[in-house]
Amino acid sequence: MLRVAVQLPDALRPRSDGVKLDVVTKVAGDAETKTSFAMVEVSDARDRAGLPTPPRGSSTYAYRLSSADAARFEALRASMVEQGKQGKRGSMGLGVAAKEFCRTNAAPQASLPVAIYLMTSETKSFVSVVRDFDLLGDPAMAGGLEQIQPCG
């Protein structure tokens, strides 16, 4: 079970198919590899249980792996476990990326705080992995926000 939630200010909304899970794996002696997996938005209350209520002016979007990518992710994970059993040291890092947004008609804001939550079969509940990251506080991000198209 893998769930991801992204809390965004109402001025931004993730586009359909815009949220990805990037997994970076490294096994001793091999090159690092990056694999991306598609996330599908979920609205079922069971998939969102345990998420904090977003602050006023924000919304939370929850995701799970697509059916096809869930199988790919489990195969990758099993491969890493098997290599570990064979004595090969390795690592597996997860990164959540909401790569495609659109702008809503919400009033301009002085800050654009973002939070990201992750739930795995090990954590059994959502844990915060990014809290109150202000997109406007990062010059590279802030510059890119001007390029975001309005929601259609």
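**View 1. Leu12 and its surroundings in the predicted model.** Leaving out residues up to four places away in sequence, Leu12 touches Tyr61, Phe101, Cys102, Arg103, Thr104, Leu112, Leu135, Leu145 and Ile148. Keep in mind while browsing that this is a predicted model, here and in every view below. Leu12 also belongs to the largest nonpolar core, which has 24 residues. Along with Leu21, Phe37, Met39, Leu65 and Phe73, Leu12 is one of the core residues that touch the most other members.

**View 2. Two nonpolar cores.** As a rule of thumb, nonpolar side chains in soluble globular proteins tend to be buried together. Here the largest such core counts 24 residues. Which elements feed it with at least two residues each? They are strand E1 (2-9), strand E3 (19-27), strand E4 (33-42), E5, H2 and strand E8 (113-120). E1 gives the largest share of this core, with 4 residues. There is also a second, separate core of 8 residues, and among its members are Ala5, Ala62, Met119 and Phe126.

**View 3. Strand E5 and its partners.** Strand E5 covers residues 58-65. Is E5 enclosed or open? Since 6 of its 8 residues are buried, E5 is largely enclosed by the rest of the structure. With E1, E5 pairs in the antiparallel sense over 7 bridges, and Val4 has Tyr63 of E5 as its bridge partner. With E4, the pairing is antiparallel too, over 4 bridges, and here Val42 stands opposite Ala62 of E5. Ala62 turns up in the second core as well.

**View 4. Thr60, a closer look inside E5.** Thr60 sits in strand E5 and is buried, because its relative accessibility is 11% and the cut-off for buried is under 20%. What does Thr60 touch, once residues up to four places away in sequence are set aside? The list is Ala5, Val6, Gln7, Arg48, Leu51, Pro52 and Pro54.

**View 5. Pro14 in strand E2.** This proline is found in strand E2, residues 12-14. Pro14 is buried at 12% relative accessibility. Beyond its neighbours within four places in sequence, Pro14 is in contact with Leu8, Val19, Tyr61, Tyr63, Glu100 and Phe101. For a sense of distance, take Pro14 and Ala115: they are 101 residues apart in sequence, and their C-alpha atoms are 13 Å apart in space.

**View 6. The Cys102-Cys151 disulfide.** How many disulfides does the structure hold? There is 1, and it joins Cys102 to Cys151 with an S to S distance of 1.9 Å. The link is right-handed, with 85° about the S-S bond. It connects distant parts of the chain, 49 residues apart: Cys102 lies in strand E7 (residues 101-103), and Cys151 in the segment after helix H3 (139-145). Cys102 is buried at 5% relative accessible area, whereas Cys151 is partly exposed at 23%.

**View 7. Arg3 with Asp47, and Asp22 with Lys34.** The model has 5 salt bridges by count, and this view takes in the one between Asp47 and Arg3, whose closest N and O atoms are 3.0 Å apart. Asp47 is in helix H1 (residues 45-48) and Arg3 in strand E1, 44 residues apart. Are these two buried or exposed? Asp47 is buried at 17% relative accessibility, and Arg3 is buried with a relative accessible area of 17%. The side chains of Asp22 and Lys34 also meet in a salt bridge, 3.9 Å from N to O. This pair links strand E3, home of Asp22, to strand E4, home of Lys34, across 12 residues. Asp22 is buried at 10%, while Lys34 is exposed at 56%.

**View 8. Helix H2, with Arg77 and Asp69.** Arg77 and Glu122 form a salt bridge through their side chains, 2.1 Å from N to O. Arg77 lies in helix H2 and Glu122 in the loop between E8 and strand E9 (127-134), so the pair ties together parts 45 residues apart in sequence. Arg77 is partly exposed at 22% relative accessibility, and Glu122 is exposed at 52%. Asp69 lies in H2, residues 67-85, as well. Asp69 is buried at 9% relative accessible area, and its side chain makes a polar contact with the side chain of Arg72 at 2.5 Å. Apart from neighbours within four places in sequence, Asp69 is in contact with Phe37 and Ala38.

How values were computed
Residues numbered from 1 in each chain as written. Predicted model: local features only at pLDDT ≥ 70, side-chain atom pairs only at ≥ 80, totals over all residues. Heavy atoms only, no water. Buried < 20%, exposed > 50% of the residue type's maximum accessible area, 1.4 Å probe, protein only. Polar contact = N/O pair within 3.5 Å; in protein donor to acceptor, adjacent residues only side chain to side chain. Contact = heavy atoms within 4.5 Å. Core = buried A, V, L, I, M, F, W, Y, C linked by side-chain atoms within 4.5 Å. Pairing = 2+ DSSP bridges. Disulfide = S-S within 2.5 Å. Salt bridge = Lys/Arg side-chain N within 4 Å of Asp/Glu carboxyl O.
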